[in-house]
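Reader: I'd like to go through this model with you, one question at a time. Please give me the cut-offs as we go.

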Amino acid sequence: LPKTIAIAASVVAVVLSLVLIPTDFDLAAKGKLQPAVRREIFAHLDGVVIDVPVSHEQAVRAGDVLARMSNNKLEVEIANLIGRKRTTQERIRSLTRAEHDQRLTIEQRNKVGGELLELEQAEESIDRELALLREQQERLVLRSEMDGQVVTWSVGDVLLRRPVQRGQILMTIVDPSGDWELELNMPERRMGHLTQAVDDGEQLPTVTFTLASHPGKEFEGRVTEIHRVAEVRGDDGNTVLLRVAVDKAALPELRSETTVTARVRCGRRSIGFVVFHELIETIHTKILFWL
């Protein structure tokens, strides 16, 4: 009996400890380190990439050419308009010479003048169409919007002679001299805890993280933004993007796209909840919900 009582007391003590003793409650997430200022370079039109004069980690200035594309349909339309314009101009020159022929009657002269007016209006219309098409043709030359650095890996091999669609991201330009941040992918199933932590606190949570290049060191940051849309990202399924501000002076290495493993601090909860919260969530969603 004393042994049974001792075992029961131990069990009760363990249970009470799991329920009553608080500890830090952190949510794990993975992501990457990168400059906060960056621009995605999009294709403005459908086409084929014919030239990529930049490479990975190359420094660029605002206005520098990043890629050139061709669009066969656009080129054919421009060539057809140029041909129509030449034909129209030749006809205008011919009628202009005929208009000065003294042998023409007044009726014939008026007819020539009317046709000339129509041809001049047609030429103006062609010029307007050509201007619009040349604007589109200029958009086939993609330029950097800022001073920065190309961070897309093997950008030439990936894009050259490849067909691309309007709106497709072709490469990314970053400003490595500015602020840096983390982009963390928080699994959607854990967002309830994070939302509760934000509601309970007066500010967004802090983050402890390690870099894949320096696994033995820990660094600090703070969440600055929580996206409201969940997206499928890799093997993690539905995740929500978190942006985390960091002190780049405290980091041993600044390399864009460096993999990070992070813990987002969500206050303190009982030891039992911290240890078994995923099991509790599974029971609630896959068992109790269907009862």
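Reader: Is I50 buried, partly exposed or exposed?
Author: Happy to start there: in this predicted model, I50 has a relative accessibility of 49%. Buried means under 20% relative accessible area, exposed means over 50%, and partly exposed lies in between, with a 1.4 Å probe and protein chains only. With its 49%, I50 therefore counts as partly exposed.

Reader: What pLDDT do side-chain atom pairs need before they count?
Author: Residues are numbered from 1 along each chain as its sequence is written, and side-chain values use heavy atoms, with hydrogens and water left out. As the model is predicted, totals for chains, interfaces and linings use all residues, local features need pLDDT of at least 70, and side-chain atom pairs count only at pLDDT 80 or more.

Reader: Which residues does I50 touch, leaving out those up to four places away in sequence?
Author: I50 sits in strand 3 (residues 47-51); strands (E, at least two residues) and helices (H or I, at least four) are DSSP runs, numbered from the N terminus. Its C-alpha is 5.9 Å from that of L160, although 110 residues separate the two in sequence. Taking contact as heavy atoms within 4.5 Å, I50 touches R68, M69, S70 and L160.

Reader: Which strands stand at the edges of the open sheet?
Author: The open sheet has four strands in the order 6-5-3-8, with antiparallel pairing; two strands pair if DSSP finds at least two bridges between them. An edge strand has a single partner, so one side of it is left without a neighbour in the sheet. That is the position of strand 6 (141-143) and strand 8 (163-164).

Reader: And which residue is the bridge partner of V49 in strand 5?
Author: Strand 3 and strand 5 (residues 65-70) run antiparallel and are joined by three bridges. In strand 5, V49 is matched with M69.

Reader: By what angle are neighbouring strands of the barrel turned against each other on average?
Author: The barrel is closed, with six antiparallel strands running 1-10-13-12-11-14. Ignoring direction, its neighbouring strands are turned on average by 40°.

Reader: What angle does helix 5 make with strand 14?
Author: Helix 5 (residues 191-200) packs on the barrel sheet and touches strand 1 (22-35), strand 10 (180-187), strand 12 (214-232), strand 13 (238-246) and strand 14. Axes here are lines fitted to C-alpha atoms, for helices over the stretch in contact, and angles run from 0 to 180 degrees between N-to-C directions. On that basis the direction of helix 5 makes with that of strand 14 an angle of about 65°.

Reader: Which residue of strand 14 is the bridge partner of L211?
Author: Strand 11 (residues 206-211) pairs with strand 14 (residues 258-270) in the antiparallel sense over five bridges. V207 stands opposite V264, and L211 has as its partner V260.

Reader: How far apart in sequence are the parts that D24 and R268 tie together?
Author: Strand 1 and strand 14 run antiparallel, joined by eleven bridges, and D24 has R268 as its bridge partner. The two also form a salt bridge with the closest N and O atoms 3.0 Å apart, the rule being a side-chain nitrogen of Lys or Arg within 4 Å of a carboxyl oxygen of Asp or Glu. D24 is partly exposed at 45%, while R268 is exposed at 52%. Because D24 lies in strand 1 and R268 in strand 14, the pair ties together parts separated in sequence by 244 residues.

Reader: Which residue forms a salt bridge with R255, and where is that partner?
Author: R255 lies in the loop between strand 13 and strand 14 and is 198 residues from its partner, with closest N and O atoms 3.6 Å apart. The partner lies in the loop between strand 3 and strand 4 (59-60), and its name is E57.

Reader: How many salt bridges does the rule give?
Author: Another example joins R91 and E115 at 3.0 Å, N to O, linking helix 2 (residues 72-99) with helix 3 (residues 106-138). By the same 4 Å rule, the count comes to 18.

Reader: What accessible area does the nonpolar patch with I283 have?
Author: I283 is in helix 6 (residues 271-286) and is partly exposed at 33%. Patches take residues with over 30% relative accessible area and no salt bridge, joining like charges within 9 Å and nonpolar side chains (Val, Leu, Ile, Met, Phe, Trp, Tyr) within 5 Å. Areas come from the Shrake-Rupley method with a 1.4 Å probe, and for residues only the protein chains shown count as cover. Together, V275, F276, L279 and I283 have about 350 Å².
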